[in-house]
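Colleague: I should like to understand how the descriptive terms used for a model such as this one are justified. May I put some questions to you?

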Amino acid sequence: MDSLFSMNIALYLSRSIEFLSAAFVFALTAFLILSVILYVKDRTQKKSTILRNYPLIGRFRFLFEKGGEFFRQYFFAMDREELPFNRAQRSWVYRAAKNLDATVAFGSTKDLRQPGAIIFVNCPFPKLEHENAALGPIMIGPYCNKPYSTSSVFNISGMSFGAISKPAVQALSHGAKKAGCWYNTGEGGLSPYHLEGDCDLVFQIGTAKYGVRDQHGQLSDEKLESIARHHQVKMFEIKLSQGAKPGKGGILPGLKVSQEIADIRGIPAGMDSISPNRHVDVNSTTELLDLIEHVRHVTGKPVGFKTVVSSWQWLEELCELICSRGEESAPDFITIDGGDGGTGAAPMSLIDNVGLTLTESLPAVENTLLKYGLRKRIRIIASGKRINPAEVAWALCAGADFITSARGFMFALGCIQALQCNKNTCPTGITTHNRDLQRGLDPANKANRVANYQKNLVKEVSTIAHSCGVSGPRRLHRHHARIVMPDGMSVPLNELQPYPDTAIKLH
């Protein structure tokens, strides 16, 4: 009896082991088959850059990201604690780019008691949807042979071919066309990929004059004329400085200088592309106006400059000189970049410590132009960390005619803030020239996201404007925004940074 029982037990255990072994082999086989299927699916799909570049493994990112929504409350940074852009800011861009529902529930996670917080002044009788005013065109460059008129409020800031990849440039070019906004080429010259989408372009002339330099590195009128002949190129922007590195020229590491990029820029391949700290031919306000007039004469198109403003004296000198020469000598626009602007590569000492943010500089620039009676002549473009509707709406309140963003559109392309822009190892293919990594960025898919982001942002800025009782974004003014002070109370922007009382009369 005991022997029979033992045999049954042994038989049961044997069959159990056989079953478990078969189940394990079946599960392992199924897992391997599923892995192969997912790998092929991830590698061939075009919607997610991460999955295309890192098939199968990349799925863990989305799993952890989803789970992190809960765990961050107890163990990690909250949604509004990360820098330079927190998760709440990035998530809004991602959803806008994908054209997903942007509404939230329960309540805001933004602490409106923090100093510097923006509170828009709602009207008791907001505008209805049918009262929305169309964004009419604004003309730039009234004294040019070919002035530029555009109704686009939100545009793509300077990102050069070299700083970002070929498919990224292609996506931005096509996306800008779909959105009806302009795309600034950045200081790396004009590539075929900028032209590919047939969007409006602003050609940026950096301190190294890439794309418009002769063999000695000087400005070439012949090349300027050649660039201006492209109907897509609507304006020229002379870059004096940018927010991430005021006083320092552009930096493109040699490992990102391919032969194609070198040919477009007119420099050797594989060598660091270091631009001078300033234009060698511009060392005064007089020389700046001379250069602006020269480029405008050669191209026939609007010309302005981009700068970081930390003091007003030189700007007042510029305005005085314009008034003495005549308003036709003025730049057609000024792009004000904030000291918290972004870049592909910059010294930490500059990126952390130099240059005023737009919060202080933008209203001051408008006030200076108002004082000298030049506000209607010179258009103001605001740049620097404007990626969400509230930040763009504030810039319009503070005096901007247009807003441009680079990092906002990078997030629309799929940027995950990996902070590897200067290493040629960007996992999303945006700032790398590694073709394996670029493969994950499908220009056609990302172009739609670029357009969605631009349109949804402008739509929400219009929503803020309606709440404030005006019919459109361009009707926002300083009294529509309040700024929270250290004591927790808010002050209207028009009291904190008031408009000038009288204009300066020059003799």
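**From values to terms**

Modeller: Let us begin with Val-153, which is buried, its relative accessible area being 3%. Please bear in mind that this is a predicted model.

Colleague: Why is Val-153 called buried?

Modeller: Buried means under 20% relative accessible area. Val-153 has a relative accessible area of 3%, and therefore it counts as buried. Val-153 is placed in the loop between β3 (148-150) and β4 (154-156).

Colleague: What is Val-153 in contact with, leaving aside its neighbours within four places in sequence?

Modeller: With those neighbours set aside, Val-153 is in contact with Leu-135, Leu-396, Phe-402, Ile-403 and Arg-474. In addition, the C-alpha atoms of Val-153 and Val-461 are 9.9 Å apart in space, while the two residues are 308 residues apart in sequence.

Colleague: Why is Glu-320 called partly exposed?

Modeller: The term covers values between the limit for buried, under 20%, and the limit for exposed, over 50%. Glu-320 has a relative accessible area of 38%, so it is partly exposed. Glu-320 lies in helix α10, and its C-alpha atom is separated by 7.6 Å from that of Tyr-372, 52 residues apart along the chain.

Colleague: How do you know that Asp-198 counts as partly exposed?

Modeller: The reasoning is the same, because 31% relative accessibility falls between the limits of 20% and 50%. Asp-198 lies in the loop between α6 (192-196) and β6 (200-205). Asp-198 also has a positive phi of about 65 degrees, although it is not a glycine.

Colleague: Where does Asn-99 lie?

Modeller: Asn-99 lies in the loop between α4 (87-97) and β1 (118-120). Its phi is near 60 degrees, a positive value in a residue other than glycine.

Colleague: What makes helix α13 largely enclosed by the rest of the structure?

Modeller: Helix α13 spans residues 389-397, and eight of its nine residues are buried, so the helix is largely enclosed. Among the buried residues are Pro-389, Trp-394 and Cys-397. Just after α13, Gly-399 takes a positive phi of about 125 degrees.

Colleague: Which residues have the most contacts inside the largest nonpolar core?

Modeller: They are Tyr-183, Phe-236, Trp-394 and Tyr-453, in a core of 106 residues. Helix α16 (residues 443-467) supplies the largest share of this core, eight residues. There is also a second, separate core of nine residues, including Trp-182, Met-235, Phe-333 and Phe-402.

Colleague: At what angle do helices α9 and α10 pack?

Modeller: Helix α9 (residues 285-299) and helix α10 (residues 313-325) pack at about 55 degrees, with their axes 9 Å apart.

Colleague: Why is α9 called oblique to α10?

Modeller: Roughly parallel requires an angle under 35 degrees, and roughly perpendicular requires 65 to 115 degrees. The angle of about 55 degrees fits neither range and is not over 145, so α9 is oblique to α10. The crossing of α9 past α10 is right-handed. Residues making the contact include Leu-288 and Leu-289 of α9 and Trp-314 and Leu-318 of α10. By class, this contact has six nonpolar, two polar and three charged residues.

Colleague: How many helices and strands does the chain have?

Modeller: The chain has 17 helices and 15 strands. Buried residues make up 50% of its 507 residues.

Definitions and conventions
Residues are numbered from 1 along each chain as its sequence is written. This is a predicted model: local features need pLDDT of at least 70, side-chain atom pairs count only at pLDDT 80 or more; totals for chains, interfaces and linings use all residues. Side-chain values use heavy atoms; hydrogens and water are left out. Buried means under 20% relative accessible area, exposed over 50%, partly exposed in between (1.4 Å probe, protein chains only). Helices (H or I, at least four residues) and strands (E, at least two) are DSSP runs, numbered from the N terminus. Axes are lines fitted to C-alpha atoms, for helices over the stretch in contact, and angles run from 0 to 180 degrees between N-to-C directions. A crossing is left-handed if the near helix is turned anticlockwise from the far one by less than a right angle, and right-handed if clockwise. Contact means heavy atoms within 4.5 Å. Ala, Val, Leu, Ile, Met, Phe, Trp, Tyr, Cys and Pro count as nonpolar, Asp, Glu, Lys and Arg as charged, and the others, Gly among them, as polar. A nonpolar core is a set of buried Ala, Val, Leu, Ile, Met, Phe, Trp, Tyr and Cys residues joined through side-chain atoms within 4.5 Å.
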